[in-house]
Amino acid sequence: MEILGQLSLFEDKKEKSNDWKWWMSKDYPQKNGLTVFSCFACGGGSTMGYKLAGCEVLGCNEIDPRMNEIYVENHHPKYNYLEDIRDFNKREDLPEKLYDLDILDGSPPCSTFSMAGQREDAWGVAKKFREGQKEQTLDDLLFVFIDTVAKLKPKVAIMENVEGLMLGNAWKYVQQIYKKFNEIGYSVKHWLLKGEEMGVPQTRHRVFFVATRLPFNLDYINMYFNYEPITYGQIKQGELH
């Protein structure tokens, strides 16, 4: 009976998962015991998602002072590193808890792969980008994050980027991502997730890489979402409450 009750609660949450007012009324769910650390954390959007899933987010790494200030205000991280992830990877003073993570999360800056950006013209070019106002290359941050995975050895790593990473000449980066994860002992698989199929009122597409060092077949993960699209017309006419 207890299991049936839990399943009933899950279905109730599933039906209401795109109703932010319902989530706000429930606050965060009971902790599930999983720990997370977020890289390229920005203001903490992915951190909020992990919290809503019941995870404990221990902290973050972010290069942009303004974004980091927002993150700290929103999430009060136990461990906060305001610096280039390349410098974070060189640290020898990290707490033991960061070497025992369940999930390492990262969303490397995606402007160099965006179909609206410069793409090939920006690959390998060091310049001052908005992120942190520090001269750096961005297209290689995917692999710098994999270096972070190799350093911390989390059970699972999740990396997100734009759909443009899968298109045209950028596909070679995807091939290298698989190669580098495999070299450090992780199996990996990627999915293209579409916001309009996930209860989000946007046609926002993102590619997610899930890598694990555990003996788990990633093919078992179901990333199929079946929400009806939320159109601008519905929002404009006040049909959503």
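Let me begin with a term: a residue is called buried when its relative accessible area is under 20%. In this predicted model, buried residues make up 40% of the 241 residues in the chain. The chain has eight helices and nine strands, and it exposes about 14100 Å², of which carbon and sulfur atoms supply 54%.

I would like to turn next to strand β4, residues 103–106, which is covered on both faces, with I103 and D105 buried on one side and L104 and G106 buried on the other. As general background, side chains in a regular strand alternate between the two faces of the sheet. Strand β4 pairs in the parallel sense with strand β1, residues 35–39, over four bridges, and there I103 is the bridge partner of V36. Four bridges also join β4 to strand β7, residues 156–162, again running parallel, and in β7 the partner of I103 is V156.

What, then, of the largest nonpolar core? That core has 32 residues, and L98, I177 and F181 are those with the most contacts inside it. The elements giving two or more residues to it include β1, β7, α7 (171–183) and β9 (205–212), while the largest share, eight residues, comes from α6. If we take F181 and leave aside its neighbours within four places in sequence, we find it in contact with I146, V149, A157, M159, Y186, V188 and A211. There is also a second, separate core of 13 residues, and among them are C55, C60, V210 and L218.

Finally, looking at the chain as a whole, among contacts with a separation of 6 or more, 60% are between residues 24 or more positions apart.

Terms used
Residues are numbered from 1 along each chain as its sequence is written. This is a predicted model: local features need pLDDT of at least 70, side-chain atom pairs count only at pLDDT 80 or more; totals for chains, interfaces and linings use all residues. Side-chain values use heavy atoms; hydrogens and water are left out. Buried means under 20% relative accessible area, exposed over 50%, partly exposed in between (1.4 Å probe, protein chains only). Two strands pair if DSSP finds at least two bridges between them. Contact means heavy atoms within 4.5 Å. Accessible areas come from the Shrake-Rupley method with a 1.4 Å probe; for residues, only the protein chains shown count as cover. A nonpolar core is a set of buried Ala, Val, Leu, Ile, Met, Phe, Trp, Tyr and Cys residues joined through side-chain atoms within 4.5 Å.
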